[in-house]
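I opened my notebook to look through this structure one piece at a time. Here is what I looked up, in the order I went.

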Amino acid sequence: RDAFEGLPEEATRKYFVSIEKAAKYGFVHEQALACERVGILLLDCGQADKALDCLYKARELYDEWGCVVKSSMVSDIISGRKGSR
């Protein structure tokens, strides 16, 4: 919500808090989803390097969780942005 109200920094911060807490409590799927979403937000904000780091982490977590479809979807996002890195 914050990103749509012109506050991408606050939204990004909240995603990273979510990622940290999900990791702490072992919620791999929640951590993967938050990594993916913040990666997309960072892409939209023109921060490709940080975005790709988050998307690679999301893919790794989706693989760990066993969600091949989401891992493949994130790979497609990464492939589309890799050349602009």
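Before starting, a note on the term helix: here a helix is a DSSP run of H or I with at least four residues, and the numbering goes from the N terminus. By that rule, Met73 sits in helix H4, which covers residues 68–81. I also remind myself that this is a predicted model.

**Entry 1: the whole chain**

I counted the elements to begin with. The protein chain has 4 helices and 0 strands. Reading along the sequence, I get the pattern α-α-α-α.

Next I checked how much of the chain is covered. Of the 85 residues in the protein chain, 34% are buried. I found an accessible surface of about 5,400 Å² for the protein chain, and carbon and sulfur atoms hold 53% of that.

Then I looked at contacts between residues at least 6 apart in sequence. In the protein chain, 43% of these join residues at least 24 apart.

**Entry 2: H1 against H2**

For pairs of helices I noted two numbers each time. Two packed helices are described by the angle between their axes and the distance between the axes.

How do H1 and H2 pack? Their axes are 8 Å apart, at an angle of about 160°. Angles over 145 degrees count as roughly antiparallel, so H1 and H2 are roughly antiparallel to each other. The crossing of H1 past H2 is left-handed.

I listed who makes the contact. From H1 come Pro8, Ala11, Thr12, Tyr15, Phe16, Ser18, Ile19, Ala22 and Ala23. From H2 come Glu30, Gln31, Ala34, Cys35, Arg37, Val38, Leu41 and Leu42. Sorted by class, the contact of H1 with H2 has 12 nonpolar, 3 polar and 2 charged residues.

**Entry 3: two residues of H1**

I picked Thr12, which lies in helix H1 (residues 8–25). Is Thr12 buried or exposed? Its relative accessible area is 13%, and the cut-off for buried is under 20%, so Thr12 is buried. Leaving out residues up to four places away in sequence, Thr12 touches Val38, Leu41 and Leu42. Those three are also listed on the H2 side of the contact with H1.

Ala11 is in helix H1 too. With a relative accessible area of 8%, Ala11 is buried. I looked up its separation from Val38: the two are 27 residues apart in sequence, and their C-alpha atoms are 8.2 Å apart in space.

**Entry 4: H2 against H3**

I moved on to helix H2 (residues 28–44) and helix H3 (residues 48–65), whose axes come within 8 Å and cross at roughly 155°. That angle makes H2 roughly antiparallel to H3. The crossing of H2 and H3 is left-handed.

The contact list has these H2 residues: Val28, His29, Gln31, Ala32, Leu33, Cys35, Glu36, Val38, Gly39, Ile40, Leu42 and Leu43. They meet Ala48, Lys50, Ala51, Cys54, Leu55, Lys57, Ala58, Leu61, Tyr62, Glu64 and Trp65 in H3. By class, I noted 16 nonpolar, 3 polar and 4 charged residues in the contact of H2 with H3.

**Entry 5: Gln31 in H2**

Gln31 caught my eye, as it is listed in the contact of H1 with H2 and in the contact of H2 with H3. Its place is in helix H2. At 11% relative accessibility, Gln31 counts as buried.

Which residues does Gln31 touch, not counting those up to four places away in sequence? I found Ile19, Ala22, Ala23, Lys57 and Leu61. Ile19, Ala22 and Ala23 are on the H1 list, while Lys57 and Leu61 are on the H3 list.

**Entry 6: Ala48 and Met73**

Ala48 is placed in helix H3. With a relative accessible area of 19%, Ala48 is buried. I looked up Ile78 as its partner: the two are 30 residues apart along the chain, with 10.0 Å between their C-alpha atoms.

I closed with Met73 of helix H4. At 42% relative accessibility, Met73 counts as partly exposed. Its C-alpha atom is 8.7 Å from that of Arg59, and the two residues are 14 apart along the chain.

Note on methods: Residues are numbered from 1 along each chain as its sequence is written. This is a predicted model: local features need pLDDT of at least 70, side-chain atom pairs count only at pLDDT 80 or more; totals for chains, interfaces and linings use all residues. Side-chain values use heavy atoms; hydrogens and water are left out. Axes are lines fitted to C-alpha atoms, for helices over the stretch in contact, and angles run from 0 to 180 degrees between N-to-C directions. Angles under 35 degrees count as roughly parallel, over 145 as roughly antiparallel, 65 to 115 as roughly perpendicular and the rest as oblique. A crossing is left-handed if the near helix is turned anticlockwise from the far one by less than a right angle, and right-handed if clockwise. Contact means heavy atoms within 4.5 Å. Ala, Val, Leu, Ile, Met, Phe, Trp, Tyr, Cys and Pro count as nonpolar, Asp, Glu, Lys and Arg as charged, and the others, Gly among them, as polar. Buried means under 20% relative accessible area, exposed over 50%, partly exposed in between (1.4 Å probe, protein chains only). Accessible areas come from the Shrake-Rupley method with a 1.4 Å probe; for residues, only the protein chains shown count as cover.
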